Every structure is written in structure tokens, then in C-alpha cells.
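Reader: I'm new to reading structures, so please walk me through this one slowly.

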Amino acid sequence: GSEWRTFSSESGGEDKSRVGGAENTLLGSSDLSTIIGPGRGGASFSSDGNAMYNNRRTVSSSDRTLINAFRTISNMADRINLPKTIIDRANNLFKMVSDGKNLKGRANDAIAAACLYIACRQEGVPRTFKEIVAVSTVSKKEIGRCFKLILKAHDTSVELITTGDFMSRFCGTLSLSRDVQKAATSIAKKAVDLDIVPGRSPISVAAAAIYMASQASDDKRTQREIADIAGVADVTIRQSYKLMLPRAAELFPQDFKFTTPIENLPQN
């Protein structure tokens, strides 16, 4: 419970205030601001009758920046159902970055969005860059710039996204069977290992692998359906798929049960 304190004998007009708010250790002032109680007697006023104390809580501008950024991060995270562990990590990262000088002049909202994206990657809860941009008020370009600056300035390691990170989420959203998901995972991993898709983004490779696996099964999905879920353009899937198709026989798992044989798969 709260600790109520009063030192006044005449507690009639007294406002029993709590001793302090919950502490946020990331804020410089530790959020322990003091409120000065109502005046008693002449000592509270100067000789010209003006009150000598006022009750305005003073928040430093750096703390105000942090408070606003933490609110921004929390709002974005809520919109894409991210857990509190990620919010905390993103807040810590923002604090670390704002203490440095490398991002001076960059919009705080863009830095906050970049921190959230990095936190997702580090916590192993993959969200595509596009998903973060969608809940931010800042341009993709600006968030991307902040992302690169943070990594460079703070030597922050962000595990490289792999195709497998998105596979279960995309296949789940598309209601694909476990067999199709297993095949798609194998196709994507082998395509990367065999260097069949150099320079293609992991998301587009994952999407193309899902397209290939589903088209070979009796649970077919169109490029359009997959593109909508993955947040990439149809043409992006098509480009990766075209690179993979000539070597499809090497990519499918040995035990995959084909409904449509490889030679009958769509050519693009």
C-alpha cells in the first residue's frame, strides 16, 4: 500500500500526498519530484506579498524527451502486440542512444522506431521492417537511416534475420499445413545455403519458398495472397521464385508428397 505521511498538527487543510511516484530508473531525475505543501504563516511569502514557492514539477528537457519516446515506443508496440520485454529493451536502447551524440538532429520518433525494430530482432520476435514502419509516423527512409547509425555508433549486434524466422508466422497466417511449412522451410534454407538467391532479402526468399511448396501440394496459395501476408510485392516473390525453380528438385525435402510434380509447377 501507499505510505501516507503527514507532519502537520493541523491536518485540516492538508493534502496528504504520497511520498513519491513509482520510480523509472531510466530517467535522470529518478522521477522523485517534490511537491511543496501549502504555506503556513508569513514565511511562505516574500516582503512584497508574492508566494516564494510554486508547485510546478520541473522535468528536465532530456527527461521529457525520454518520457515522450517511451510513450511512442509503447504505443507502436501495443499496435503490433509486442510483449513488455521488447518495450523495455527498446526503451533501454533509446536511452543509450540519446546519451550519445551520434544521432543529433534525427527525429526522436524515427530513433524510437529503429530502437523497437532492433529490440524485436534481439529478442527473437521477428517483425518485418515494413511492420514497424506501418505503426510509425516517420518515413521508412528516416527509420532506416537511424537504424544504420545506431548499429554503427553503438556496435550493437543485430542477429541477421534468417528465412526461418518468418516461416511459421507466414504459414500460420496462410493456414498452411505442417507438411507445406516443413517443405517451405527446407526450400528456403537450401536456396540460401546453395547460394541460389544471392542478394535477395530473407523475406522474399521465405515467401517464394512458401509459394513453391504450396503449389506442389494440394493446398495452393497465389503469389498475391503470400505477398499480402509477407508485406512484399508480387514481383519480388516472382524474382526469387524464378531463381529457385530450375533447382527445385534439390530444394524439396526427400519425403515430400507431391500433388503437382516439379515439371508442372508454374513457370513464373
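Author: Let's start with a term we'll want for pairs of helices: a crossing is left-handed if the near helix is turned anticlockwise from the far one by less than a right angle, and right-handed if clockwise. Now the small print: this is a predicted model, where local features need pLDDT of at least 70 and side-chain atom pairs count only at pLDDT 80 or more, while totals for chains, interfaces and linings use all residues. Residues are numbered from 1 along each chain as its sequence is written, and side-chain values use heavy atoms, with hydrogens and water left out.

Reader: How many helices and strands does the protein chain have?

Author: Helices (H or I, at least four residues) and strands (E, at least two) are DSSP runs, numbered from the N terminus. Read in order, the chain goes α-α-α-α-α-α-α-α-α-α-α. The tally is 11 helices and 0 strands.

Reader: What percentage of the residues of the protein chain count as buried?

Author: A residue is buried under 20% relative accessible area, exposed over 50% and partly exposed in between (1.4 Å probe, protein chains only). The chain has 268 residues, and the share that counts as buried is 38%.

Reader: And the outside: how much area does the protein chain expose?

Author: Areas here come from the Shrake-Rupley method with a 1.4 Å probe, and for residues only the protein chains shown count as cover. Carbon and sulfur atoms supply 50% of the exposed area. The total is about 15400 Å².

Reader: Of the contacts with a separation of 6 or more, what percentage joins residues 24 or more positions apart?

Author: Contact means heavy atoms within 4.5 Å. Take the contacts in the chain with a separation of 6 or more, and ask how many of them link residues at least 24 positions apart: that share is 69%.

Reader: Back to helices! Is H1 roughly perpendicular or oblique to H3?

Author: Axes are lines fitted to C-alpha atoms, for helices over the stretch in contact, and angles run from 0 to 180 degrees between N-to-C directions. Angles under 35 degrees count as roughly parallel, over 145 as roughly antiparallel, 65 to 115 as roughly perpendicular and the rest as oblique. H1 and H3 (residues 108–122) pack at about 50°, with their axes 9 Å apart. That angle therefore makes H1, relative to H3, oblique.

Reader: Which way does H1 pass H3, left-handed or right-handed?

Author: Apply the near-and-far rule for crossings to this pair. H1 passes H3 in a crossing that is right-handed.

Reader: How do the residues of the contact of H1 with H3 divide?

Author: H1 brings Thr65, Ala69, Thr72, Ile73, Met76 and Ala77, while H3 brings Asn108, Asp109, Ala112, Ala113 and Leu116. Ala, Val, Leu, Ile, Met, Phe, Trp, Tyr, Cys and Pro count as nonpolar, Asp, Glu, Lys and Arg as charged, and the others, Gly among them, as polar. The split is 7 nonpolar, 3 polar and 1 charged.

Reader: What classes make up the contact of H1 with H2?

Author: The axes of H1 (residues 61–79) and H2 (residues 84–99) come within 10 Å and cross at roughly 145°, and the crossing is right-handed. Among the residues involved are Leu66 and Phe70 of H1, plus Ile87, Phe94 and Lys95 of H2. By class, the contact has 8 nonpolar, 4 polar and 1 charged residues.

Reader: How many charged residues does the contact of H8 with H10 have?

Author: H8 (residues 202–216) and H10 (residues 234–244) pack at about 70°, with their axes 8 Å apart, and are therefore roughly perpendicular to each other. Their contact includes Val205, Ala208 and Tyr211 of H8 and Ile237 and Tyr241 of H10. Sorted by class, there are 9 nonpolar residues, 3 polar ones and, of the charged kind, no residues.

Reader: Where is Ser175, and is it buried or exposed?

Author: Ser175 has a positive phi of about 55° although it is not a glycine. Its place is the loop between H6 (164–173) and H7 (178–193). With a relative accessible area of 56%, Ser175 is exposed.

Reader: Which residues is Val192 in contact with?

Author: Val192 lies in H7 and counts as partly exposed because its relative accessibility is 44%. Leaving aside neighbours within four places in sequence, Val192 is in contact with Thr163, Val197 and Val205.
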